[in-house]
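Biologist: I would like a close look at a single part of this protein. Please pick one buried charged residue and walk me through its surroundings.

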Amino acid sequence: MVRAGGALIRKRFRNFVLGASCVAGLFALSSWGATTAATSPTTTTSVASSTTTVTSTTTSTTSTTTTVPTPVGQDPFTVPSVALYLKNRTNLVTAAVYDVDSGRTYVYKPGVHERTASMVKIDILAALLWEDQEDDRSLTARQLSLAAKMIEQSNNGAADRLWSDIGGRDDLDSFNSLIGFQQTIPSYSWGDIETTPRDQLQLLKAIVLPNRILNAASRKYEMDLMEDVDPGERFGLGWGSPPRVTVGLKDGYYPEATTGWQINTSGFVMYAGRLYLATIMCANNPDETYGIGTVTTLSRLIWENLKP
């Protein structure tokens, strides 16, 4: 079982706490389609009503955070300042962004699998909510308490109990297939599930956008918890977005003995009618600070360069 740590390091990155709100929009799961992985930096693939752009780069050793405004519709990962920042990271970064208004999906290094760590906890909760809907019942007081601890505090013990409640690996895998996962490798240990940012966007769509799987009450409940994540657990999309922005997220982090730290951030960003979903994952980090710095800086660059 993967465990998380490093609260003292995360505090050095803490910038703000964001408020809560609710998303309105139109989306049907029946419109979700398969993504065709591309091998060149500028390939564009039509996915149902969405456009998917994939980007690949190489790695070197120096870094910059200078940004240049992006033309409308341009892949933010190909903006020179963003591409240079990613090129100079020594870790293994993969990411995906879905711009709700335009229907465009942008993917950086498609098909790269990395471990979920605690990021999977929003998946566990979504599966629990769906199972209760199917059985025409509500979460118990015990489950409500565990869910709040699991999402807001990233409590592993709470995750263990709710993982058992949903039926573990097989039942989560069934739910993930229902919402359109195609690249995720199941595991009997929730933190060891291997996934891609593209699949995680499917989960975020099920949580944030109206669909046939999770009803409005279930989605609002989970979004509220994601918006109320403890300050020390809000790196990445939380710390990388401006204070005026509403962010709901779940991060993941753990030290891998042989390859270094795994650091992830996944969630939604909303402000003044602008809404996008994003997942950033990075493996092979020399320490927690380097990985948190990567996902937080890339979150800021996405906000600055993704044009509505």
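Modeller: What follows starts with the whole protein, turns to Glu114, and then visits a few other places.

This is a predicted model. The protein has 10 helices and nine strands. It contains 308 residues, and 56% of them are buried. Now look at the contacts with a separation of 6 or more. Of these, 68% join residues 24 or more positions apart.

Now to Glu114. Find it in strand 5, which covers residues 114–115. Glu114 is buried, yet it has no salt bridge. Where is the nearest side chain of opposite charge? It belongs to Lys109, and it is 8.0 Å away. A salt bridge needs the charged atoms within 4 Å. The side chain of Glu114 does reach a backbone nitrogen, that of Cys282, at 3.2 Å.

Which residues surround Glu114, leaving aside neighbours within four places in sequence? Take them in sequence order. Leu92, Val93 and Thr94 are in contact with Glu114. So are Ile193, Glu194 and Thr195. Gln262 and Asn264 also touch it. Met281, Cys282 and Ala283 complete the list. Cys282 therefore appears twice in this account: as a contact of Glu114, and as the owner of the backbone nitrogen that the side chain reaches.

Next, the strands before it. Strand 3 spans residues 92–99, and it pairs with strand 4 in the antiparallel sense over five bridges. One example is Ala95, whose bridge partner in strand 4 is Tyr108. The hairpin of these two strands has four residues between them. There, Gly103 takes a positive phi near 75°. Strand 4 covers residues 104–108, and four of its five residues are buried, so the rest of the structure largely encloses it.

Now the nonpolar core. The largest one has 76 residues. Phe77, Leu125, Leu277 and Leu298 have the most contacts inside it. Helix 3, residues 121–134, gives this core its largest share, seven residues. Follow Leu125 outward. Beyond four places in sequence, it touches Leu139, Ala147, Met150, Ile151, Tyr221, Glu222 and Leu225.

Last, a loop. Phe235 sits between helix 8 (216–227) and helix 9 (237–240). Is Phe235 buried or exposed? It is buried, because its relative accessible area is 0%, and buried means under 20%. Phe235 and Thr297 are 62 residues apart in sequence. In space, their C-alpha atoms are 9.8 Å apart.

Terms used
Residues are numbered from 1 along each chain as its sequence is written. This is a predicted model: local features need pLDDT of at least 70, side-chain atom pairs count only at pLDDT 80 or more; totals for chains, interfaces and linings use all residues. Side-chain values use heavy atoms; hydrogens and water are left out. A nonpolar core is a set of buried Ala, Val, Leu, Ile, Met, Phe, Trp, Tyr and Cys residues joined through side-chain atoms within 4.5 Å. Buried means under 20% relative accessible area, exposed over 50%, partly exposed in between (1.4 Å probe, protein chains only). Contact means heavy atoms within 4.5 Å. Lys and Arg count as positive and Asp and Glu as negative; His and the chain ends are not counted. A polar contact is a pair of N or O atoms within 3.5 Å; within protein, one must be able to donate a hydrogen and the other to accept it, and residues adjacent in sequence count only if both atoms are side-chain atoms. Two strands pair if DSSP finds at least two bridges between them.
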